[in-house]
Amino acid sequence: MSQKGQEPDALPLAERLRERIRREGAISFRDWMAAALYDEREGYYLRPDLKRWGRAGDYRTSPERSRLFAATFARYFARLHEELGSPREWTIFEAGAGGGHFAHGVLQTLKRDYPQTFQATSYVIDEVSVDARERTRLLLEEFAARVSFVPPGENGTPAGEGIVFANELFDAFPVHRVTMRDGVLRELFVGLDDESGFAWAERDPSNPELAEYLGRAGVELFEGQIAEINLEVGKWLERAFSLFERGYLVIVDYGAGAADLYGAPHRRAGTLRAFHRHRLTDEVLAHPGEQDLTTTIDWSNVERVCAELGFRAVAFERQDKFLLEAGLLEQLERMAQEAGNETEALILRSSVRELILPGGMSESFQVLVQSKGRG
């Protein structure tokens, strides 16, 4: 029995993490972050009692800010379907679908504006949260015949042709944190202070791949510099490559090239941050399971792994530029004309500001498109 006579599994997540540290010693931040975000009972992304999306939640992604985001990508997907030769059957595989807003917008737009692509489409959703899957299932009820869900822990059935899509997925993968101390690479673990609060502790690296990662990237950390290393991205890309014989990989996220990510003076303390009710907080070790944790992704690593796997680069653009080139303004006019009333049209026109105007969120996001089996 543990504290106050409770069974270990019945304890709150923070206390279970403390018990583990007392038992095993300090644990890697990667393991601590994985528990904070993905613990089966109390992980931030798996908890049914937290409102993560929207104005009342901790963050709002682009699909929630504007219906034009998903509609413009649907327009782009229809073009990719045509470039594949308009196959009679193809799959859109979305990883990390959240509450299903993007999927709903894509399917709605394809059905209305691109019926040939819609008729060919099977939409597969991979989402770890049971609560989010149920919300998505309800939201997509009208498209139930075309939508399926990957069972938890499985990879999904490979398809002939299609798209793998992910929006703000990589930034939520658990990361290792490292630092340079007296010219030696060290890893930041999580231990306990004298008052049983979570505290940083330096240890030898838990995985030799950490030094190898920096070596491949050509990165030499400065003394005392802190950096995050995301080893999960490579594993996920390997899986994505196996999902189709021919098709496209489309990734939307916020990141930087390795030179900027690890070399910029303002990133010498790393990019790890926590969000709670749209507010940024530096207390990343506080309240595990109650706040979002995120890091800036290394696009250089993503592109390198894609090339090693056999993907071919198609596009890499800032999100606002990509959306404009994909037909955002044309889609806006189309949807505004079809709006039920002037208020709905005004909301659409207003929502486009955050997607393309200077200072909007799109300036911080990038879109990567890679192809497989094309030419």
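In the predicted model, Arg137 lies over the face of Phe149, at 4.4 Å from the ring centre. A second arrangement of this kind involves Arg334, which is placed over the face of Tyr114 at 5.7 Å from the centre of the ring.

Aromatic side chains also pair with one another, and the structure holds 21 aromatic pairs. In one of these, the ring centres of Tyr44 and Tyr45 are 5.2 Å apart and the planes stand at 75°, so the pair is edge-to-face; Tyr44 and Tyr45 are both buried. The pair formed by Phe73 and Phe322 has its ring centres 5.4 Å apart and its planes at 25°, and because planes under 30 degrees apart count as stacked, this pair is stacked. The contact between Phe73 and Phe322 links distant parts of the chain, since Phe73 belongs to helix H4 (residues 67–83) and Phe322 to helix H12 (residues 319–325), with the two positions 249 residues apart in separation. Phe73 counts as buried at 0% relative accessibility, and Phe322 likewise counts as buried, at 5%. Both residues take part in a cluster, in which ring pairs link Phe69, Phe73, Tyr76, Phe77, Phe102, Phe165 and Phe322.

Charged side chains provide a further set of contacts, and the count comes to 27 salt bridges. Arg239 and Asp126 meet through their side chains in one such bridge, at 2.8 Å from N to O. This bridge links distant parts of the chain, with Arg239 in helix H9 (residues 232–242) and Asp126 in strand E3 (residues 121–126), 113 residues apart. Arg239, at 16% relative accessibility, counts as buried, and Asp126, at 14%, counts as buried as well.

A salt bridge is also formed by the side chains of Arg186 and Asp204, again at 2.8 Å from N to O. Arg186 lies in strand E7 (residues 184–192), whereas Asp204 lies in the loop between strand E8 (198–203) and helix H8 (209–217), so the pair ties together parts that are 18 residues apart in sequence. Arg186 is partly exposed, with a relative accessible area of 23%, while Asp204 counts as exposed at 55% relative accessibility.

In a further salt bridge, the closest N and O atoms of Arg349 and Glu333 are 2.9 Å apart. Here helix H14 (residues 342–356), which holds Arg349, is linked with helix H13 (residues 328–337), which holds Glu333, the two residues being 16 residues apart. Arg349 counts as partly exposed at 35% relative accessibility, and Glu333 counts as partly exposed at 34%. Elsewhere, salt bridges that share partners join Arg20, Arg23, Glu24, Arg30, Asp31, Glu232 and Lys235 into one network.

With regard to the overall fold, the protein has 14 helices and 17 strands. Among its contacts with a separation of 6 or more, 75% are accounted for by residues 24 or more positions apart. For 375 residues, a compact globule would have a radius of gyration near 21 Å, and the 22 Å of the protein agrees with this. The C-alpha trace spans about 65 × 50 × 40 Å along its principal axes. Buried residues make up 57% of the 375 residues, and the protein exposes about 17,300 Å², of which carbon and sulfur atoms supply 48%.

Key. Residues numbered from 1 in each chain as written. Predicted model: local features only at pLDDT ≥ 70, side-chain atom pairs only at ≥ 80, totals over all residues. Heavy atoms only, no water. Phe/Tyr/Trp six-rings, centres within 6.5 Å; stacked < 30°, edge-to-face > 60°. Buried < 20%, exposed > 50% of the residue type's maximum accessible area, 1.4 Å probe, protein only. Helix = DSSP H or I, 4+ residues; strand = E, 2+ residues; numbered from the N terminus. Lys NZ or Arg CZ within 6 Å of the ring centre and 35° of its normal. Rg over C-alpha atoms; globule rule 2.2 N^0.38 Å. Contact = heavy atoms within 4.5 Å. Areas by Shrake-Rupley, 256 points an atom, 1.4 Å probe, with all protein chains shown as cover. Salt bridge = Lys/Arg side-chain N within 4 Å of Asp/Glu carboxyl O.
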